Amino acid sequence: MPELRLHYNELKAYISDIYQNQLLKRTIRKWTMRLTVTGALLVLLLLGILLNPSILYAHSTQVANYSVYHQKELDPHFLLRLTKCNELLQASELHDSDYQMDLCLDDGSLYPALMKALRGLAFAWGFSNKIVLQGVSNAETNKQELNGYYWNLEQLLAHEAIHCYQYHSFGLWNSNPIAGHPDWKWEGYREYISRQSEDQGDLCNNLKQLLNCHEEEWFVAFKDGTIAPKNYFADWLLVTYAMDVKGFNFHELIKDSTDKESFETEMWQWYKKQE
C-alpha cells in the first residue's frame with residue numbers, strides 16, 4: 001500500500017506538471033496574441049498620423065500645390081520661398097505642377113518631433129508626398145537653422161520636393177531605399193536641381209572649392225552663410241558633370257551602368273583640362 005500511494009502521488013505530481021505546462025503555454029500564446037494585436041494597432045495608428053499631418057496641426061494653408069501645415073500664423077515671407085522653390089523645380093524632368101504635397105512646419109506641432117523619433121534629426125525629411133522641416137525656419141532671411149548651422153530654405157524645400165517627385169515618378173518599388181539606386185545619383189540629383197544660384201552654378205569653381213575643403217570639415221560653406229554636407233556636395237558635382245557635360249538626363253543616368261569611380265575619374269580629368 002505505501003508503494004501504491006507513492007506511485008499515485010508521483011503520477012498526480014506528473015499530471016499536475018503537465019497541466020501547469022499546458023496552462024503556461026496557453027497563457028504565453030494568449031499574451032503573445034494580445035501584444036501582437038496591440039503592436040499592429042499602434043503601427044496602424046502611427047501610420048495614420050504620419051499620413052494625415054492635420055491630426056497634429058492647428059492650421060492648414062493651401063499654397064499652389066502644397067498643403068502647408070502650421071501651428072502658428074504663417075509667415076508671409078514663406079509664400080515667397082515656396083514660389084522660388086517651385087521655380088527651381090521647373091528645371092527637373094520629374095516636375096509635375098499638379099502633384100499635391102504636404103509641407104509640415106516645425107513651429108510647435110508634435111509631428112516633426114515624431115519624425116525625429118522615427119528617422120533622426122535632420123534639416124528636413126522628404127517621403128511619399130510629404131516634406132517635414134526640423135529646426136528653426138526664418139523665411140525672411142531664407143534660412144533654416146539647425147544646431148547652429150544654416151541651409152538655404154528655398155533650396156532645402158526644393159531638395160525635399162525632389163524626394164517626393166522621385167517617389168511620384170518612379171513608384172515605391174523603384175525608388176530608394178527599396179530599389180537600391182546609387183546614392184550619388186539619387187541624392188546628387190536633388191542637389192543638382194535645388195542649387196541653382198549665381199555663386200553655385202559653375203562646375204569648375206565648385207570642384208575647386210571641393211579640393212580646398214579641410215578634410216576634417218563635414219560641410220561646404222557658401223557665400224550666403226549656408227552650408228551643404230560634403231558628401232551631398234560631391235554627389236551634386238558628379239551628377240552635374242554627368243548631366244551638363246556628358247549629356248545625360250536623370251532617367252538615363254539611373255539606367256546607366258557606369259560605376260561611380262569611372263565617372264569621378266572622367267570628371268577630374270575634364271577639370272584638369274579646363275584649368
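**Exercise 1. Take stock of the fold.** Work out how many helices and strands the protein chain has, and what share of its residues is buried.

*Solution.* Start with the secondary structure: in this predicted model, the protein chain has nine helices and 10 strands. Next, turn to burial: of the 275 residues in the chain, 41% are buried. Then look at the outside, where the protein chain exposes about 15600 Å², with carbon and sulfur atoms supplying 55% of that area. Finally, check the sequence separation of contacts: taking those between residues at least 6 apart in sequence, 63% join residues at least 24 apart.

**Exercise 2. Describe how α7 packs with α9.** Decide whether the two helices are roughly parallel or roughly perpendicular, and find which residues meet.

*Solution.* First locate the helices: α7 covers residues 230-245 and α9 covers residues 260-274. Their axes lie 10 Å apart, at an angle of about 75°. Angles of 65 to 115 degrees count as roughly perpendicular, so α7 and α9 are roughly perpendicular to each other.

Now list the partners. From α7 come Asp235, Leu237, Leu238, Tyr241, Ala242 and Val245; from α9 come Lys260, Phe263, Glu264, Glu266, Met267 and Trp270. Sorting the residues of this contact by character gives eight nonpolar, four charged and no polar.

**Exercise 3. Place Leu253 in its surroundings.** Find which helix holds Leu253, whether Leu253 is buried or exposed, and which residues it touches.

*Solution.* Begin with the helix: Leu253 sits in α8, residues 250-255. Its relative accessibility is 0%, and because buried means under 20%, Leu253 counts as buried. For the neighbours, set aside residues up to four places away in sequence; Leu253 then touches Trp184, Lys185, Val239, Ala242, Phe248 and Phe263. Two of these names are familiar from the previous exercise: Ala242 of α7 and Phe263 of α9 take part in the contact between those helices. As a last step, take Val239, which is 14 residues from Leu253 along the chain; the C-alpha atoms of the two are separated by 8.5 Å.

**Exercise 4. Check the cysteines.** Find how many disulfides the structure holds, and how far Cys164 is from the nearest cysteine sulfur.

*Solution.* Recall that a disulfide is a covalent bond between the sulfur atoms of two cysteines. The structure holds zero disulfides. For Cys164, the nearest cysteine sulfur belongs to Cys104 and is 10.0 Å away, whereas a disulfide needs sulfur atoms within 2.5 Å. To finish, look at accessibility: Cys164 is buried at 0%, and Cys85 is buried with a relative accessible area of 1%.

Definitions and conventions:
Residues numbered from 1 in each chain as written. Predicted model: local features only at pLDDT ≥ 70, side-chain atom pairs only at ≥ 80, totals over all residues. Heavy atoms only, no water. Helix = DSSP H or I, 4+ residues; strand = E, 2+ residues; numbered from the N terminus. Buried < 20%, exposed > 50% of the residue type's maximum accessible area, 1.4 Å probe, protein only. Contact = heavy atoms within 4.5 Å. Areas by Shrake-Rupley, 256 points an atom, 1.4 Å probe, with all protein chains shown as cover. Axes fitted to C-alpha atoms, helices over the stretch in contact; angles between N-to-C directions. Parallel < 35°, antiparallel > 145°, perpendicular 65-115°, else oblique. Nonpolar A, V, L, I, M, F, W, Y, C, P; charged D, E, K, R; others polar.
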